[in-house]
Amino acid sequence: MHVLTILDHPDPASFSAAVARRFMDGAKDAGHSVELADLHAEEFDPRWTKADIDAEANGDTLPDVAKEQMRIDRADAICLVFPLFWWGMPSMMKGWVDRVWTWDWAYDQLDDPNKSLQRPRSGVLLIPAGARSDEMDEAGYSAALETAWINGTFGYFGFSPRKLELLCGAKGSLERRKSLLERSYQVGRDIAAFRN
Ligand SMILES: Cc1cc2nc3c(=O)[nH]c(=O)nc-3n(C[C@H](O)[C@H](O)[C@H](O)COP(=O)(O)O)c2cc1C
């Protein structure tokens with residue numbers, strides 16, 4: 001399989017960047033080819049502008065969007081890595097999702113989230129989060145994110161099977177972070193095998 005990892009973090013020394021690397025190590029060790037889209041390093045422009053609206057109206061694709069869509073075209077599995085910011089995506093990843101997964105390329109069946117224009121691809125979200133998992137579960141955040149992203153957005157995009165891995169306690173002890181990195185590695189190792 002060809003595995004595409006999308007990373008949103010400006011600091012190569014961050015925990016999120018380490019998660020992306022360990023995930024890719026796992027995928028490589030399982031015999032897959034890997035590709036990294038490092039959105040900050042590549043200076044992806046996340047702003048959705050009038051140019052995006054005009055391109056959609058004219059049936060065109062902007063060059064920077066086309067570059068990302070070509071990456072997606074050649075991928076059999078996709079992994080998104082970004083730190084949880086205010087129970088959502090940081091702006092770079094949000095803009096990448098908004099601009100790249102366009103109507104009429106990624107989806108058009110608004111009444112059927114499971115019907116995408118894209119072929120099915122294994123999809124995983126590896127999300128470092130500061131909060132503890134019991135806090136996130138009790139307050140309902142884990143279920144809300146599962147609903148929004150797994151039942152919603154990434155179904156429209158054809159991610160199947162798809163999985164949300166919240167890496168809770170990412171600011172915790174060294175031990176804790178080591179175990180989260182090991183989990184990231186295992187997700188990469190098992191990317192071809194996981195099921196919904
Ligand atoms: C602007 C901002 C918003 C954040 N919002 C949340 C949040 O809503 N929930 C949470 O659990 N952690 C939150 N955090 C903590 C980050 O998720 C945590 O710092 C990050 O996962 C650590 O990974 P990193 O070292 O790669 O940045 C927030 C951090 C920042 C800077």
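1. Helices and strands here are DSSP runs numbered from the N terminus, a helix having at least four residues and a strand at least two. The model is a predicted one. By that count, the protein has 7 helices and 5 strands. Their order from the N terminus is β-α-β-α-α-β-α-β-α-α-β-α. The radius of gyration is 16 Å, close to the 16 Å that the globule rule gives for 196 residues, so the protein is as compact as a globular protein of that length. Along the principal axes, the C-alpha atoms fill a box of roughly 55 × 40 × 30 Å.

2. Now the sheet. Strands of a sheet pair through backbone hydrogen bonds, in a parallel or an antiparallel way. In this model, 5 strands make an open sheet, and the pairing is parallel. Read across the sheet, the order is E2-E1-E3-E4-E5. Strand E2 (33-38) and strand E5 (159-168) lie at the edges, each pairing on one side only. On average, neighbouring strands are turned by 15° against each other, direction ignored.

3. The E5 edge deserves a look. E5 pairs in the parallel sense with strand E4 (residues 121-129), over 8 bridges. One bridge links Ala 129 to Cys 168 in E5. Helix H6 (residues 141-156) packs on the sheet here and touches both E4 and E5. The direction of H6 makes about 150° with that of E5.

4. Please check the backbone at two places. Most peptide bonds are trans, and most residues other than glycine have a negative phi. The bond joining Ser 160 and Pro 161 is cis, with omega about -5°. Pro 161 sits in strand E5, which is an edge strand of the sheet. The second place is Trp 86, whose phi is positive, near 50°, although this residue is not glycine. Trp 86 lies in the loop between strand E3 (77-81) and helix H4 (91-100).

5. Next, a helix pair. Helix H1 (residues 15-29) packs against helix H7 (residues 174-189) at an angle of about 40°. Their axes are 6 Å apart, and the crossing is right-handed. From H1, the contact residues include Phe 15, Ala 18, Val 19, Phe 23 and Met 24. Arg 22, Asp 25 and Asp 29 of H1 also take part. Across from them, H7 contributes residues including Arg 177, Leu 181, Tyr 185, Val 187 and Arg 189. By class, this contact has 9 nonpolar, 4 polar and 5 charged residues.

6. Last, the ligand. Which residues come nearest to the ligand? They are Ser 16, Pro 83, Pro 128, Gly 130 and Ala 131, out of 15 residues around the ligand. H1 and E4 are the elements that give two or more residues to this shell. By class, the shell has 10 nonpolar, 4 polar and 1 charged residues. Both elements appear above: H1 packs with H7, and E4 pairs with E5.

Methods. Residues numbered from 1 in each chain as written. Predicted model: local features only at pLDDT ≥ 70, side-chain atom pairs only at ≥ 80, totals over all residues. Pairing = 2+ DSSP bridges. Axes fitted to C-alpha atoms, helices over the stretch in contact; angles between N-to-C directions. Contact = placed C-beta atoms within 7 Å. Left-handed = near helix turned anticlockwise from the far one by under 90°. Nonpolar A, V, L, I, M, F, W, Y, C, P; charged D, E, K, R; others polar. Near = placed C-beta within 6 Å. Rg over C-alpha atoms; globule rule 2.2 N^0.38 Å.
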